[in-house]
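Here are a few notes to read alongside the coordinates. I have kept each point short so you can check it in your viewer as you go.

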Amino acid sequence: MSFMAASPADQQRRAGLRRMRALAISLLGLAAVVYIVTLRNTEGAWGYVNTAAEAAMVGALADWFAVTALFRHPLGIPIPHTAIVPKRKSEIGRNLQDFVTENFLTEDIARERLATAEVGRRFGTWLGDQAHRRRALTELARVAHVGLHRLRDDEVRAFVVDVLLPRLVHEPLSPIAGSLLEEVIKDGSHHPVVDIAVEELHEWLVDNPDIFAAVVGERAPWWSPPWLDERVIRWTYHQAVEWLQDVRTDRAHPARIALDNLLAKLSVDLQQDQEVIDRAEALKTHLLTHPQVGVTVLSLWRSVRVSLLGAIDDETSHLWVRGDALLAEFGERLVDDAAMRTRLEGHLGDAVSFFVNTYGHELAAVISHTIDRWDGREASERIELHVGRDLQFIRINGTIVGALAGLAIHTVTQFLA
């Protein structure tokens with residue numbers, strides 16, 4: 001069975017091989033004609049020409065035999081040690097595999113080639129061109145588009161419900177949450193969240209005095225007169241607004257300090273107090289096992305996917321604009337920041353080294369596996385197609401060198417005689 005199909009490049013190689021063969025045969029034929037013409041007149045200068053032609057034929061025939069014996073039996077005669085490639089193709093494939101593995105797929109060579117290639121600087125320069133950045137974004141968008149369309153809703157839901165949520169249910173998250181909360185409190189990262197909450201609550205209270213009055217009025221005793229209720233509600237409302245304003249503007253307000261202390265205690269309890277840990281884990285389990293969680297996650301995923309697809313298809317969207325800006329900034333840093341280039345190329349070197357050390361031998365094994373699949377005759381034709389044209393120079397050189405050698409030998413012989 002043939003595993004090789006002819007390509008336009010193969011047709012060009014075959015044409016080149018035919019031309020070089022014709023040239024080599026023409027030189028042999030020329031030498032034979034000269035030899036025959038000068039055979040009856042070997043006196044004087046013609047003797048030199050006759051001897052040179054004779055030696056040229058010997059050299060041409062010897063090199064023809066050597067080149068032909070690589071790929072087939074010369075003249076179809078099964079002479080020993082001929083048709084080397086068809087007979088020993090598997091061994092040749094293994095030797096070629098070992099050669100590639102030992103001389104190309106090594107960590108030192110890979111790192112050396114990567115270092116001399118200056119990948120970081122060249123990639124940064126490439127990203128400096130807006131057309132290149134657009135091409136990169138187009139390819140990324142195409143891949144993302146295909147991935148988002150192929151990721152079905154039932155697959156997402158199955159992953160969340162059957163894999164992710166059960167894993168989170170059995171994984172104790174309270175100590176992790178407590179440790180994270182502790183670091184947040186130390187860094188003060190929660191203060192912007194508190195600011196937003198207090199600000200929103202304050203503005204809502206300022207804008208909705210009637211709702212506040214209605215809610216508080218429902219708690220008034222039935223026997224109190226309306227005018228007293230109104231004054232109490234008004235006073236309470238103003239106190240609440242002023243208190244929230246103080247909390248909003250005063251970073252050292254007792255309420256803020258009390259909240260920090262509460263959160264700090266909660267972070268410690270989530271890591272050390274078993275009762276708090278058990279209650280937090282029970283709450284987590286209750287929330288994660290609720291039937292609505294899967295529906296909510298799927299609905300959220302659909303919304304995110306629609307938004308992403310819309311942004312990907314619109315080259316004027318913030319996603320494209322921001323992506324172009326990030327690539328441009330990354331390219332500038334690669335060009336200007338030598339330390340960043342060194343880190344990037346170091347990571348690339350580690351990745352290439354890992355790939356070469358782990359999969360290099362398997363990659364080179366493709367050579368021997370492919371050649372093993374070839375039929376002996378096809379393997380011979382394939383190899384000859386690629387190197388046969390250059391091998392014809394051996395025949396041409398053999399003809400010329402043979403002629404010169406014969407001429408030199410005849411000259412020395414005549415001189416000594």
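1. Let us begin with two helices that follow one another. Helix α16 (residues 318-336) packs against helix α17 (residues 338-373) at an angle of about 100°, and their axes are 5 Å apart. That angle makes α16 roughly perpendicular to α17. Please keep in mind throughout that this is a predicted model. On the α16 side the contact involves F330, R333, L334, V335 and D336, and these meet A338, M340, R341 and L344 of α17. Sorted by type, the residues of this contact of α16 with α17 comprise six nonpolar and three charged, with no polar ones.

2. A second helix pair makes a good companion to that one. Helix α13 (residues 254-272) and helix α14 (residues 274-288) cross at roughly 90°, and their axes come within 6 Å. With that crossing angle, α13 and α14 are roughly perpendicular to each other. The residues that make the contact are D269, L270, Q271 and Q272 from α13, together with Q274, V276, I277 and A280 from α14. How do the residues of the contact of α13 with α14 divide into nonpolar, polar and charged? The count is four nonpolar, three polar and one charged. If you wish to tabulate such pairs, two packed helices are described by the angle between their axes and the distance between the axes.

3. Now for the aromatic residues. The structure holds five aromatic pairs. In one of them, F354 with Y359, the ring centres are 6.3 Å apart and the planes stand at 85°, so the pair is edge-to-face. Are F354 and Y359 buried or exposed? F354 is exposed, at a relative accessible area of 52%, while Y359 counts as partly exposed at 38%. Elsewhere, F123, W126 and F330 form one aromatic cluster. F330 also belongs to the α16 side of the contact with α17, so you may like to view points 1 and 3 together.4. Next, the end of the first helix and the loop after it. V34 lies in helix α1 (residues 8-37) and is partly exposed, with a relative accessible area of 25%. Leaving aside residues up to four places away in sequence, V34 touches V49 and A53. The C-alpha atoms of V34 and R21 are separated by 20 Å, with their positions 13 residues apart along the chain. T38 sits in the loop between α1 and α2 (45-71). Is T38 buried or exposed? T38 counts as buried, at 3% relative accessibility; the cut-off for buried is under 20%. The side chain of T38 makes a polar contact with the side chain of N50, at 3.0 Å. With residues up to four places away in sequence again left out, T38 touches W46, V49 and N50. V49 therefore appears in the contact lists of both V34 and T38, where contact means heavy atoms within 4.5 Å.

5. Two backbone angles deserve a look. Most residues other than glycine have a negative phi. L75, however, has a positive phi near 60°, and A83 has a positive phi of about 50° although it is not a glycine. Where do L75 and A83 lie? L75 is in the loop between α2 and α3 (84-87), and A83 lies in the loop between α2 and α3 as well. Their surroundings can be told apart by accessibility: L75 is exposed, with a relative accessible area of 71%, whereas A83 counts as buried at 4%.

6. Q392 is worth opening in your viewer too. Its place is in helix α18 (residues 376-416), and Q392 is buried, with a relative accessible area of 2%. Which residues does Q392 touch, not counting those up to four places away in sequence? They are L17, M20, R21, A24 and V67. R21 is also the residue whose C-alpha atom is separated from that of V34 by 20 Å.

7. Last comes R251, found in the loop between α12 (226-249) and α13. R251 is exposed, with a relative accessible area of 55%. Neighbours within four places in sequence aside, R251 is in contact with H191, D195 and R256. With which side chain does the side chain of R251 make a polar contact? The partner is D195, at 2.8 Å. As for R234, R251 and that residue are 17 residues apart in sequence and 27 Å apart in space, C-alpha to C-alpha.

Key:
Residues numbered from 1 in each chain as written. Predicted model: local features only at pLDDT ≥ 70, side-chain atom pairs only at ≥ 80, totals over all residues. Heavy atoms only, no water. Helix = DSSP H or I, 4+ residues; strand = E, 2+ residues; numbered from the N terminus. Buried < 20%, exposed > 50% of the residue type's maximum accessible area, 1.4 Å probe, protein only. Axes fitted to C-alpha atoms, helices over the stretch in contact; angles between N-to-C directions. Parallel < 35°, antiparallel > 145°, perpendicular 65-115°, else oblique. Nonpolar A, V, L, I, M, F, W, Y, C, P; charged D, E, K, R; others polar. Phe/Tyr/Trp six-rings, centres within 6.5 Å; stacked < 30°, edge-to-face > 60°. Polar contact = N/O pair within 3.5 Å; in protein donor to acceptor, adjacent residues only side chain to side chain.
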